[in-house]
Amino acid sequence: MDKPALKTDVSEILDGLFEETVAVSLDVWKFAELGLEEEKSARAHARFLADKGFRVTEGAGGLRTALIAEWGHGKPVIGFLGEYDALPGLSQAVSTEQSPLVQGGPGHGCGHNLLGAGAVAAAVALKEYLAKRGGEGTVRYYGCPAEETLIGKVFMATDGVFSDLDAAITWHPGDINTVAMGSSNAVNSARFVFHGRTAHAAGDPHNGRSALDAVELMNVGANYLREHVIPDARIHYVITDGGGQPNVVPARAEVWYYVRAPRRNQVEEVYARLLDVAKGAALMTGTAFDVVFLSGCYDVLPNETLGQAAMAWLRQVGAPAFDERDMEFARKIAATVEPRQKEQYLERVNAPQELYEQVMNTTVVEPLDKGKVLPASTDVGDVSWITPTLQVYTACWPIGVPGHSWQVTACSGHPLGQKGMLVASKVMALTAVDLVEKPELLAQAREEFVRRTKGREYKSPLPEGLAAPVSPLR
Ligand SMILES: [Zn+2]
């Protein structure tokens, strides 16, 4: 059997699937469904996979819009992770000027329409490869809902659906062609609901116990706490209920917190102290409180073995092939962002000089995040503590365009994003073929995983018995 020729096939298979993949990415882009409401998007993925001979099951982790598609049998078991949730308020036409399709509506401002479709295509390509090659091997695709609110993979992980994987592979659309070698912040997300007693705010305030006072004092306490936690921790909150009107002492008030830190155990330490702050606020104000734990996730555990294998393929596949029309669109989008913003971003990530001059990244960049912790969080973290996990990045929008923006929504519905997606699919599928063909590579990735986890088992960050939410968190 001529294996190198078969690998070329993987690239050709993905070229052949490109039109279909783009169609799925565009459908999902148009549906623009928020996390936990991605019914049409999940169905589009399920249909694509069922058509290609995958067995599809729905509802993993108690999530209506989660799906798992499987093909083949035996070892190794390679899982591709996809997402399809949109973001509120980022509706936007495929245009270089800000113009929402639906005023205030959701849009794919993080490119998850590309992420999902690209991961599906990679899974299908690996299946086609294995079908031709014969022998053992299982391909799995995980449709993971509600990444933006850090729900999907955490509840799915708690359900144990990743535990028999030999490796997990995913990507994220971005502005640079590279591979992730770094980590990200772990997080807890919880609402604190304070209960007091109403009273006339002028007539008999002495009879009232203000839940809003408790929220405010909790926030004051949290702001004093900042200086006495590790400097890398991030504590942020929004008041989601501050009472009705000023002449009523509020009996109910609510504040929503995120606590982030580079390591899961650090999040747990800071979070425990925040609970004490909430207790103090309740004691001071004569109120009571409930904690509504929404979700939590792990930091990403990098796997350099997988990262290097994918980098080798990325160098071979090369940057996306943008044409002059794509570049014209990219230049106009880039012009909507302050030049200073791009520079600051490139300085922060310590980018090579060539990136300052490029509009779209047309080269392959050596990983920039080795040994670093991304301040944001992703539920890919949970999977990465269960099995060796790879994340690829490709250029889908101009360098320096901020994430979660209308510009990203525009590019995610444009050939710019689609061409970036194709490169990601190829790198993911080719790396997966490596893992199937070279058991020693898989063993090395596993060894690194064991070394980094120090043999610690994944323990869900969710309180025991917590049911998956059924509607979007707002
Ligand atoms: Zn994202």
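In this predicted model, F80 has I169 of strand β5 as its bridge partner. The bridge belongs to the contact between strand β3 (residues 77-83) and β5, two strands that run parallel and are joined by 3 bridges. Both strands are members of an open sheet of 7 strands, whose order is β1-β2-β4-β3-β5-β13-β6 and whose pairing is mixed. At the edges of this sheet stand β1 (55-58) and β6 (178-179); each has a single partner strand, so one side of each is left without a neighbour in the sheet.

**The zinc site**

Strand β5 (residues 167-174) also carries H172, which is linked through the metal site to H112 in helix α3 (residues 112-133), 60 residues apart from it. The protein donors of the zinc ion are the SG atom of C110 and the NE2 atoms of H112 and H172, and they lie 2.0 to 2.3 Å from the ion. Along the sequence, the spacing of these donor residues follows the pattern C-x1-H-x59-H. Are the two histidines, H112 and H172, buried or exposed? H112 has a relative accessible area of 0% and is therefore buried, and H172, at 18% relative accessibility, also counts as buried because the cut-off for that class is under 20%.

**The antiparallel sheet**

A further open sheet, of 4 strands, has the order β9-β10-β8-β11 with antiparallel pairing. Its edge strands are β9 (234-241) and β11 (288-297), each of which pairs on one side only. On average, and with direction ignored, neighbouring strands of this sheet are turned by 20° against each other. Within the sheet, strand β8 (residues 186-195) and strand β10 (residues 252-261) pair in the antiparallel sense over 10 bridges, and A186 has A261 in β10 as its bridge partner. Two helices pack on this sheet, and their contacts and directions are set out below.

| Helix | Strands touched | Angle between directions |
|---|---|---|
| α5 (residues 211-225) | β8, β9 and β10 | about 20° with β10 |
| α6 (residues 264-285) | β8, β9, β10 and β11 | about 10° with β8 |

**Two buried residues in helices**

The place of V383 is in helix α11 (residues 380-384). Which residues does V383 contact, leaving aside its neighbours within four places in sequence? With those neighbours set aside, V383 is in contact with L81, K153, F162, A168 and T389. Among these contacts, L81 falls within the residue range of strand β3, while A168 falls within that of strand β5. The relative accessible area of V383 is 0%, so this residue is classed as buried. The C-alpha atoms of V383 and Y458 are separated by 9.1 Å, although the two residues are 75 residues apart along the chain.

Q407, for its part, is found in helix α12 (residues 406-412). With a relative accessible area of 6%, Q407 is buried, because its value is under the 20% cut-off. What does the side chain of Q407 make a polar contact with? The partner is the side chain of T336, at 3.1 Å. T336 also appears among the residues that Q407 touches when those up to four places away in sequence are not counted, a set made up of I333, T336, V337 and V401.

Key. Residues are numbered from 1 along each chain as its sequence is written. This is a predicted model: local features need pLDDT of at least 70, side-chain atom pairs count only at pLDDT 80 or more; totals for chains, interfaces and linings use all residues. Side-chain values use heavy atoms; hydrogens and water are left out. Donors are N, O and S atoms within 2.8 Å of the metal (3.2 Å for Na, K and Ca); water is not among the atoms, so sites may look incomplete. Buried means under 20% relative accessible area, exposed over 50%, partly exposed in between (1.4 Å probe, protein chains only). Two strands pair if DSSP finds at least two bridges between them. Axes are lines fitted to C-alpha atoms, for helices over the stretch in contact, and angles run from 0 to 180 degrees between N-to-C directions. Contact means heavy atoms within 4.5 Å. A polar contact is a pair of N or O atoms within 3.5 Å; within protein, one must be able to donate a hydrogen and the other to accept it, and residues adjacent in sequence count only if both atoms are side-chain atoms.
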